[in-house]
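Visitor: I'm new to this one, so could you walk me through it? I'd like to begin with the overall build and then look at a few single residues.

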Amino acid sequence: SLTGLLEGARGRVKAYEESRPALALSDAWDAFIKAPTRKDTAGAARLRLCESNYNKFVSWMAAKFPDVVEVRGVTKEQAHLFAVEGFEGLCNSTRNQAISFYRMMWRVLIEGGTARITVNPWDGIQKKQEQHPRRRELTVEELARVCGSLRGEMRMLFIVGIYTGLRLGDCAMLEWGQVDLLRGIIRLIPR
């Protein structure tokens, strides 16, 4: 019957598609970056961090599961094991951000269809509670001790930070055009 022939043809097409190589783990970052469904809201520094996290996962997979070379070969068990082993010694905030990134990356690859996967192995990995250490102001004696131990440009940056409240990076990037000495103000957008 015609229906049977059509089903047979669909089965052969599906078997052929499945036999073809899918997206390799080594090519997934480029596919993710070029994916039209990826929101392009991250800055360059954030993308470098995400790429570094992804490369860490690829290296871990190559060491632990060298036979898995395609994105579709990554299982929930492997993702969960990496969530335990891959972030040893790092804070929970760093781990949570990376897991959120992996979950999002796989979702984009699923939507794009190039990875030929339907299940996101990162789904179901729970976030860990983040510990935010309490900070306190330094005492005058502590500030004097730190400032006394610094020399040269670092001392100047530290002093600018103390008197302006700017962070070190903003002190280092401060330009004369942002300083109004007559009115005694600094105008800048913190980085």
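Visitor: What pattern of helices and strands does the protein chain follow?
Guide: Keep in mind that this is a predicted model. The protein chain has eight helices and two strands. Going along the sequence, the order is α-α-α-α-α-α-α-α-β-β.

Visitor: Is the protein chain a compact globule or more spread out?
Guide: Its C-alpha atoms fill a box of roughly 90 × 35 × 25 Å along the principal axes. For 191 residues the globule rule gives 16 Å, but the radius of gyration is 25 Å, well over that. So, next to a compact globule, the protein chain is more spread out.

Visitor: What share of the 191 residues is buried?
Guide: Here, buried means under 20% relative accessible area. Counted that way, the buried share of the protein chain is 26%.

Visitor: Which element gives the most to the largest nonpolar core?
Guide: That core has 30 residues, and Y54, F57, V71, Y102, M105, W106 and W122 have the most contacts inside it. Two or more residues come from each of α2 (28–34), α3 (44–64), α4 (76–85) and α5 (92–112). With eight residues, the element that gives the most is α5.

Visitor: Which residues is F57 in contact with, leaving aside its neighbours within four places in sequence?
Guide: F57 is among the residues with the most contacts inside the largest core. Contact here means heavy atoms within 4.5 Å. With those neighbours left aside, the partners of F57 are L25, V74, F82, Y102, W106 and W122.

Visitor: Does E142 count as buried or exposed?
Guide: You'll find E142 in helix α6 (residues 140–149). Leaving aside neighbours within four places in sequence, E142 is in contact with R136 and E137. The relative accessible area of E142 is 17%, and the cut-off for buried is under 20%, so E142 counts as buried.

Visitor: How does R10 count, at 48% relative accessibility?
Guide: R10 sits in helix α1 (residues 2–19). Exposed means over 50% and buried means under 20%, with partly exposed in between. At 48%, R10 therefore counts as partly exposed.

Visitor: What distance separates the C-alpha atoms of R10 and E175?
Guide: Along the chain, R10 and E175 are 165 residues apart. In space, their C-alpha atoms are separated by 65 Å.

Visitor: And what separates the C-alpha atoms of E142 and R72?
Guide: This pair is 70 residues apart along the chain. Between the C-alpha atoms of E142 and R72, the separation is 55 Å.

Conventions:
Residues numbered from 1 in each chain as written. Predicted model: local features only at pLDDT ≥ 70, side-chain atom pairs only at ≥ 80, totals over all residues. Heavy atoms only, no water. Helix = DSSP H or I, 4+ residues; strand = E, 2+ residues; numbered from the N terminus. Rg over C-alpha atoms; globule rule 2.2 N^0.38 Å. Buried < 20%, exposed > 50% of the residue type's maximum accessible area, 1.4 Å probe, protein only. Core = buried A, V, L, I, M, F, W, Y, C linked by side-chain atoms within 4.5 Å.
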